[in-house]
Amino acid sequence: MKKQLLCTLLATAAFASNATVVEMQTSQGTIKIDLFDQHTPKTVANFLSYVESEAYNQTVIHRSIENFIIQGGGFAFTDDFEAIETSPAVSNEPVLSNVKGTIAMAKLGSNENSATSQWFFNLKDNSANLDVQNGGFTVFGQITADSYAVLDTIEALVHCAEIPVVDITEEQCANADTSIAITNLVAINSVVVLDDDPNSSVNLSPKENTLVDTVEPTQPSDSSSGSMGWLFLPLMLLGFKRRRVA
């Protein structure tokens, strides 16, 4: 009995985590993220490389699905959407579970080792789906409690297709004559490291992904609302006229 208890305590201690802390300043508020350096080192290093090069600065949230995910890290916007420059893909690390409040890497639907710059926040517990789909989606951090309100605000915005927009109505979304500017999008102004010590954030208890090795994953269709393949540009938004901003 004592041996079993000791093994349980050791396993729990081994799965506790500390993290580098980053802050994402958006047009809708600040999101603070604790990164799981010790559990997903390759993915964290990949994410931090984009942070350090300022590649995420002045990008936008390009996908939001109610009660599912909010996705960014792929596009900037001036007069039109522009894909950011990406580094080579990072190896999948499906160690942790896609529960509410975590951040994970997006990837191609047909390749589990295809994640580059894009990431998404889990708005609910998506573990039953995303822990097994396409080899499991790599969770590499979690938001702080005071950051949930920002995700709630973004989720509550009007959406043109799957893109959250500001000061545009649902009727305008359906109108081909509607123009769009950066002020109509959820902008990520900057992402910075607040504390670069991987042991800086204490008392984190990430949930382990126990499904990826026990459930046979099914390859998602890119047209499925549950597919986390790259989202380039919804046709509805491509139909908007560009607004020239002085």
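This section describes the fold content, nonpolar cores, aromatic pairs and polar interactions of a predicted model.

The chain contains six helices and 15 strands. Of its 246 residues, 50% are buried. Among contacts in the chain with a separation of 6 or more, 73% join residues 24 or more positions apart.

The largest nonpolar core comprises 31 residues, and Ile33, Phe47, Trp119 and Phe121 have the most contacts inside it. At least two residues of this core come from each of the strands S1 (21–26), S2 (29–35), S8 (102–105), S9 (119–122), S10 (139–143) and S14 (187–195), and the same holds for the helices H2 (41–52) and H4 (148–155). Helix H2 gives the most, contributing five residues. A further core of twelve residues lies apart from this one, with Ile65, Ile69, Ala104 and Phe137 among its members.

Phenylalanine 47 is one of the residues with the most contacts inside the largest core. Its relative accessible area is 0%, so phenylalanine 47 counts as buried. When neighbours within four places in sequence are left aside, phenylalanine 47 is in contact with Val22, Leu35, Tyr56, Trp119, Phe140 and Val191. Three of the aromatic residues in that list, Tyr56, Trp119 and Phe140, also belong with Phe47 to one aromatic cluster, which includes Tyr50 and Phe121 as well.

Eight aromatic pairs were counted in the model. In one of them, phenylalanine 47 and tyrosine 56 are tilted, with 5.4 Å from centre to centre and 35° between the planes. Tyrosine 56 has a relative accessibility of 1% and is therefore buried, as is phenylalanine 47. Phenylalanine 77 and phenylalanine 81 form an edge-to-face pair, in which the centres are 4.9 Å apart and the planes are at 75°. Both partners of this pair fall below the limit for burial, which is under 20% relative accessible area: phenylalanine 77 has 7% and phenylalanine 81 has 11%.

An aromatic ring also takes part in an interaction with a charged group. The charged end of lysine 107 sits over the ring of phenylalanine 137, at 4.6 Å from the ring centre. Phenylalanine 137 is among the residues of the twelve-residue core.

One salt bridge was found in a search of the whole structure. Its partners are the side chains of glutamate 162 and arginine 63, with an N to O distance of 2.9 Å. Glutamate 162 is placed in the loop between strand S11 (158–160) and strand S12 (163–165), whereas arginine 63 belongs to strand S4 (residues 63–65), so the salt bridge ties together parts of the chain that are 99 residues apart in sequence. The two partners differ in burial class: glutamate 162 is partly exposed at 25% relative accessibility, while arginine 63 is buried at 4%.

Threonine 144 is found in the loop between S10 and H4, the strand and the helix that each supply at least two residues of the largest core. With a relative accessibility of 15%, threonine 144 counts as buried. A polar contact of 2.6 Å links the side chain of threonine 144 to the side chain of aspartate 146. Beyond residues up to four places away in sequence, threonine 144 touches Lys32 and Asp34.

Methods
Residues are numbered from 1 along each chain as its sequence is written. This is a predicted model: local features need pLDDT of at least 70, side-chain atom pairs count only at pLDDT 80 or more; totals for chains, interfaces and linings use all residues. Side-chain values use heavy atoms; hydrogens and water are left out. A salt bridge is a side-chain nitrogen of Lys or Arg within 4 Å of a carboxyl oxygen of Asp or Glu. Helices (H or I, at least four residues) and strands (E, at least two) are DSSP runs, numbered from the N terminus. Buried means under 20% relative accessible area, exposed over 50%, partly exposed in between (1.4 Å probe, protein chains only). A nonpolar core is a set of buried Ala, Val, Leu, Ile, Met, Phe, Trp, Tyr and Cys residues joined through side-chain atoms within 4.5 Å. Contact means heavy atoms within 4.5 Å. Rings of Phe, Tyr and Trp (its six-membered ring) pair if their centres lie within 6.5 Å; planes under 30 degrees apart count as stacked, over 60 as edge-to-face and the rest as tilted. A charge sits over a ring if NZ of Lys or CZ of Arg is within 6 Å of the ring centre and within 35 degrees of the ring normal. A polar contact is a pair of N or O atoms within 3.5 Å; within protein, one must be able to donate a hydrogen and the other to accept it, and residues adjacent in sequence count only if both atoms are side-chain atoms.
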